[in-house]
Amino acid sequence: MTDHASLAPSGTKPRIAARHKMFEPVVLHLRGMPLRAHILDLSTTGALAHCDRPPSTGDRVMIETKGIMVVAHVVWVRAKRFGVHFDIALSDAMVASLVNGL
């Protein structure tokens with residue numbers, strides 16, 4: 001399921017990249033500490049994630065899953081959910097691989 005140009009959280013720009021719903025466990029590296037997190041949706045430019053102890057807005061994080069590591073910054077946080085924007089966009093093929101569990 002994808003979502004094109006849907007509204008972003010209040011105060012942020014609308015999304016341009018297609019979002020793909022998923023539930024993928026990841027390791028979130030925050031200030032050198034690994035944390036268990038889950039990606040709830042993914043696009044080439046960012047993701048929605050969930051973590052019991054989420055990072056703060058503005059934090060830099062590294063997300064690791066299936067041998068892939070991507071650096072991002074946290075753009076918003078609400079309770080245990082947060083949005084990240086990737087420093088370098090993922091390719092469509094990489095997103096498809098992650099979403100389809102390949």
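1. Surface and overall make-up. About 6,000 Å² of the protein is exposed, and carbon and sulfur atoms supply 59% of that area. The model is predicted. Buried residues account for 38% of the 102 residues. The secondary structure comes to 1 helix and 7 strands. Along the sequence the order is β-β-β-β-β-β-β-α. Take the contacts with a separation of 6 or more: 44% of them link residues 24 or more positions apart.

2. The strand 2 and strand 3 hairpin. Strand 2 covers residues 19–30 and runs antiparallel to strand 3, with 9 bridges joining the two. His-29 has Pro-34 of strand 3 as its bridge partner. The hairpin leaves 2 residues between the strands. Arg-31 sits in that turn, and its phi is positive, about 50 degrees.

3. Strand 3 and its next partner. Strand 3 is mostly covered, with 7 of its 10 residues buried. A hairpin of 3 residues leads from strand 3 to strand 4. These two strands run antiparallel and share 5 bridges. One bridge pairs Asp-41 with Leu-48 in strand 4.

4. Asp-41. Is this strand 3 residue buried or exposed? Asp-41 is buried, because its relative accessible area is 6% and the cut-off for buried is under 20%. Its side chain makes a polar contact of 3.0 Å with the side chain of Arg-19. Leaving aside neighbours within four places in sequence, Asp-41 is in contact with Arg-19, His-20, Lys-21, Met-22, Ala-47 and Leu-48. Leu-48 is also the bridge partner of Asp-41.

5. Ser-43. This residue lies in the loop between strand 3 (33–42) and strand 4. Ser-43 has a relative accessible area of 0%, so it counts as buried. Which side chain does the side chain of Ser-43 meet in a polar contact? It is that of Arg-19, at 3.3 Å. Arg-19 therefore deserves a look from both ends: the side chain of Asp-41 reaches it too, at 3.0 Å. Beyond four places in sequence, the contacts of Ser-43 are Ala-17, Ala-18, Arg-19, Phe-86, Leu-90 and Val-95.

6. Strand 7 and its two partners. Strand 4 (residues 46–51) pairs with strand 7 (residues 81–86) in the antiparallel sense, over 5 bridges. Here His-50 stands opposite Arg-81. Strand 6 also runs antiparallel to strand 7, and 6 bridges join them. On that side, Val-77 has Phe-82 of strand 7 as its bridge partner.

7. Val-70. This residue belongs to strand 6, residues 68–78. Its relative accessibility is 11%, so Val-70 counts as buried. What does Val-70 touch, not counting residues up to four places away in sequence? Its contacts are Val-61, Met-62, Ile-63, Phe-86, Ile-88 and Leu-90. Val-70 and Phe-86 are 16 residues apart in sequence, yet their C-alpha atoms are 6.9 Å apart. Phe-86 and Leu-90 also appear among the contacts of Ser-43.

8. Positive phi outside glycine. Lys-66 has a phi near 50 degrees, a positive value in a residue other than glycine. Lys-66 is in the loop between strand 5 (60–65) and strand 6. With 42% relative accessibility, Lys-66 counts as partly exposed. Ala-79 is another such residue, with phi near 55 degrees. Where does Ala-79 lie? It is in the loop between strand 6 and strand 7. That hairpin has 2 residues between its strands. Ala-79 is exposed, because its relative accessible area is 70% and exposed means over 50%.

9. Rings. How many aromatic pairs does a search of the whole structure find? The count is 0. A ring does take part in another kind of arrangement. The charged end of Arg-78 sits over the ring of Trp-76, 5.1 Å from the ring centre.

Methods
Residues numbered from 1 in each chain as written. Predicted model: local features only at pLDDT ≥ 70, side-chain atom pairs only at ≥ 80, totals over all residues. Heavy atoms only, no water. Phe/Tyr/Trp six-rings, centres within 6.5 Å; stacked < 30°, edge-to-face > 60°. Lys NZ or Arg CZ within 6 Å of the ring centre and 35° of its normal. Helix = DSSP H or I, 4+ residues; strand = E, 2+ residues; numbered from the N terminus. Buried < 20%, exposed > 50% of the residue type's maximum accessible area, 1.4 Å probe, protein only. Contact = heavy atoms within 4.5 Å. Areas by Shrake-Rupley, 256 points an atom, 1.4 Å probe, with all protein chains shown as cover. Pairing = 2+ DSSP bridges. Polar contact = N/O pair within 3.5 Å; in protein donor to acceptor, adjacent residues only side chain to side chain.
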